[in-house]
Amino acid sequence: MTELEEDYSYPLQELEEDYNYPLELLDGLIDFSDSLDAVEDVFKPFLQMTLEDMEKLDPLDQAKLHLTAAYAINSLFWMYLRVQGIDPDDYPIKHELDRIRSYMNRAKEVEESRKAAQEDQAGASRVVKTALLEPSKQPADTAHLSIAQHPKAAIMARNPEKKKEEQNRRTRRKRRTKQR
């Protein structure tokens, strides 16, 4: 236990032995102390990060990390005001929490747009690869393909009118090539 932790540790055992506190209050104090210990456990990795570790993160992750820390600290201050019996709505802390929350939403939007762009890029690369197949690898006639293999055939199987239109188009194409 560090010197700082020793300064701020509360001897709960002494509280348990002290009979001047109502049992309901004692249970609440113990729960509160356990919650603070959990908050400390969550903050330990963040507090142990060096500046070099943070610089290795990409800018979006850095922003998310700083926003999370700012939100947590301001939330703790909001709780402190509540514990002191002060209405936090009278302080600018509520405005600050709202401002940080809006930045967190903006960071989330940026992250979602990045993911969508990556998915779009993957889909575009598949389309380009399919469109740029070498002629030797493309089948000369797609009539032998099953419905599952040929998307156009699947559409035509569901719609007889489209099938007739496609057959007529093929027939016209064959006539044109014969005429040349």
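Which residues of helix 5 are buried? Keep that in mind while we take a walk through this predicted model.

**Stop 1: the whole chain**

Start with everything shown as a cartoon. You should find eight helices and zero strands, so don't go hunting for a sheet: along the sequence the pattern reads α-α-α-α-α-α-α-α. Now switch on the surface. The accessible area comes to about 15,200 Å², with 55% of it belonging to carbon and sulfur atoms. Of the 180 residues, 13% count as buried. As for contacts with a separation of 6 or more, 36% of them are between residues 24 or more positions apart.

**Stop 2: helix 5**

Select residues 59-83, which make up helix 5. This helix has 25 residues and reaches 36 Å from its first C-alpha to its last, close to the 36 Å expected at 1.5 Å a residue. Here is the answer to the opening question: color Leu60, Leu67, Ala69, Asn74, Ser75 and Leu81, the buried residues of the helix. Past the end of helix 5, click on Gly85, whose phi is positive, near 85 degrees.

**Stop 3: Asn74**

Zoom in on Asn74 and show its side chain. Asn74 counts as buried because its relative accessible area is 16%, and the cut-off for buried is under 20%. What does the side chain of Asn74 reach? Draw a distance to the backbone oxygen of Ala70 and you'll get 2.7 Å. Then show the neighbors from further along the sequence: Asn74 touches Ile93, Glu96, Leu97 and Ile100.

**Stop 4: Glu96 and Arg99**

Stay with Glu96, one of the residues that Asn74 touches. Glu96 forms a salt bridge with Arg99, the closest N and O atoms being 2.5 Å apart. Why might these two face each other? They sit three residues apart in helix 6, so about one helical turn separates Arg99 and Glu96. An α-helix has 3.6 residues a turn, so residues three or four places apart point the same way. Both partners are partly exposed: Arg99 at 33% relative accessibility and Glu96 at 24%. While you're on salt bridges, select Asp61, Lys64 and Glu111 too, since shared partners join these residues into one network.

**Stop 5: Arg114 and Asp58**

Next, select Arg114 and Asp58. Their side chains meet in a salt bridge at 2.9 Å, N to O. Arg114 lies in helix 6 (residues 93-131) and Asp58 in the loop between helix 4 (51-56) and helix 5, so the pair ties together parts that are 56 residues apart in sequence. Arg114 is partly exposed at 39% relative accessible area, and Asp58 is partly exposed at 28%.

**Stop 6: helix 3 and the loop before it**

Move over to Lys44 and Asp41, another salt bridge, this one at 3.9 Å from N to O. Lys44 and Asp41 are three residues apart in helix 3, which puts about one helical turn between them. Lys44 is partly exposed at 37%, as is Asp41 at 49%. In total the structure holds seven salt bridges, in case you want to track down the rest.

Last, bring the surface back and select Tyr21, Leu25 and Leu29. Together they make a nonpolar surface patch of about 240 Å². Tyr21 belongs to the loop between helix 2 (12-17) and helix 3 (23-48), and its 34% relative accessibility makes Tyr21 partly exposed.

How values were computed
Residues numbered from 1 in each chain as written. Predicted model: local features only at pLDDT ≥ 70, side-chain atom pairs only at ≥ 80, totals over all residues. Heavy atoms only, no water. Helix = DSSP H or I, 4+ residues; strand = E, 2+ residues; numbered from the N terminus. Buried < 20%, exposed > 50% of the residue type's maximum accessible area, 1.4 Å probe, protein only. Polar contact = N/O pair within 3.5 Å; in protein donor to acceptor, adjacent residues only side chain to side chain. Contact = heavy atoms within 4.5 Å. Patch = residues over 30% accessible without salt bridge, like charges linked within 9 Å, V, L, I, M, F, W, Y side chains within 5 Å. Areas by Shrake-Rupley, 256 points an atom, 1.4 Å probe, with all protein chains shown as cover. Salt bridge = Lys/Arg side-chain N within 4 Å of Asp/Glu carboxyl O. Expected span 1.5 Å × (residues − 1).
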